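Here is a short tour of one strand and its surroundings. Please have the sequence and the model open side by side as you read.

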Amino acid sequence: VVLNNNVEIRNRLAVPPMVVFAANSDGSLTDEEREYLKKRGDEIGLFILGAALINKESFIYPNISSAMSDKDIPALKERAEIIKSHGAKAICQINHAGGLGKIPLVPSSDIALKDAEEKGQKDKIFHEFTDSEIKEAIKQFVNAAELSIKAGYDGVEIHGANNYLIQQFYSPHTNRRTDDWGGSDEKRMKFALQIVEEICKLKDKYKCPEFIIGYRLSPEEPYEDGLTMTETLKLVRELVKKPLQYIHISQKDYFKKARRGEGAGTERLKLIHNETKGKVALIGVGGLLSENDLAKAANSEFSEFIAVGCASLLNPNIGTILKEGKGEQLNLEIDPEHREKYFLPTNLWNMCLQGIDWLPPLKGKIKNKQEF
């Protein structure tokens, strides 16, 4: 695959951004994280490392990486070097958790409080962004991208998905502002587009046209007043005007059909690919575990890249297995009796044993189907 900035990626296989809960508290690598990364990356095209924090307020999970200051460069650099040593392109995903973070900063505090009360979290206190704080958050995203360049990453992915801050600003459910950052679709997407524009400027600053910039989004929300495909396609049409290299769609089912809005009843990825084709690459993900799943996705031509999340946790050498035509050998579930197969850090392994829905299927346990 050749991206629009003429960077060649060796194949269509991508590892999506996943938090593996294996970093030290200061964001540096543990031996478990090193082993996890060293066992993966062979015959992978794009390897996206998940959710580096851009500031302390964006903290949501323990034991994850950060991209806040020059102190983080050695750890960021080591992760990038391990992935690049396999021949994969190393991409650093940068994230702010917003209202889901340790210090819940939100676009609109009234709706955040209402949502929290409905979840039985009546004592949660939210802080609504001021105009100056919004501008500071944009600078922090840019700073994280700049640190990624200095650390030797091949690119960054802007995390605009999974109900984190950027999505909170674009969603009509979570953004009820009446200033320049809310109201119309155009005003709600302003936060995302300014982050994209400012990060893209770094290519000129550092004279690195080969640097890859991607944007991840979740296409629909379950709320009645949340995002539908109408708003998502409107955002995509703006994103493809920017000098991005790819857009990454976060969903649980690669073939999920649009529920509401423009194109309802048609596969989400097909709708989005109609907008991105010939402009930026598209990464599709969602429940692809077996050889048949992967072949069906590849043959659908809904996306340039096929991302394998759970499948890569189950199969550290998935790229090699597929290249050698041995797809029938893929592990399709976690066998609790054979941890040695997976090279998963302790925290992540223990979570897998709990049968959490976004982690690989656990042997003998039926997974709940997720609507969104």
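How many of the six residues of strand β7 (residues 212-217) are buried? Six of the six are, so β7 is largely enclosed by the rest of the structure. Do keep in mind that this is a predicted model.

**The two faces of β7**
- In a regular strand, side chains alternate between the two faces of the sheet.
- On β7, I212, G214 and R216 point one way, while I213, Y215 and L217 point the other way.
- Residues on both sides of β7 are buried, R216 and Y215 among them.

**Strand neighbours**
- Strand β6 (residues 155-160) runs parallel to β7, and the two pair over six bridges.
- One of the bridge partnerships links G160 with L217 of β7.
- Strand β8 (residues 246-249) also pairs with β7 in the parallel sense, over four bridges.
- Opposite R216 stands H248 of β8.
- To get from β7 to β8, the chain passes through helix α9 (residues 229-239), making a right-handed β-α-β crossover.

**Helix α9 and its partner**
- The crossover helix α9 packs against helix α10 (residues 268-276) at an angle of about 25°, with the axes 9 Å apart.
- Angles under 35 degrees count as roughly parallel, so α9 is roughly parallel to α10.
- Their crossing is right-handed.
- From α9, the contact is made by M229, T232, L233, V236 and R237.
- From α10, R268, L271, I272, E275 and T276 take part in that contact.

Key: Residues numbered from 1 in each chain as written. Predicted model: local features only at pLDDT ≥ 70, side-chain atom pairs only at ≥ 80, totals over all residues. Heavy atoms only, no water. Buried < 20%, exposed > 50% of the residue type's maximum accessible area, 1.4 Å probe, protein only. Pairing = 2+ DSSP bridges. Right-handed = clockwise from strand over helix to strand, strands pointing away. Axes fitted to C-alpha atoms, helices over the stretch in contact; angles between N-to-C directions. Parallel < 35°, antiparallel > 145°, perpendicular 65-115°, else oblique. Left-handed = near helix turned anticlockwise from the far one by under 90°. Contact = heavy atoms within 4.5 Å.
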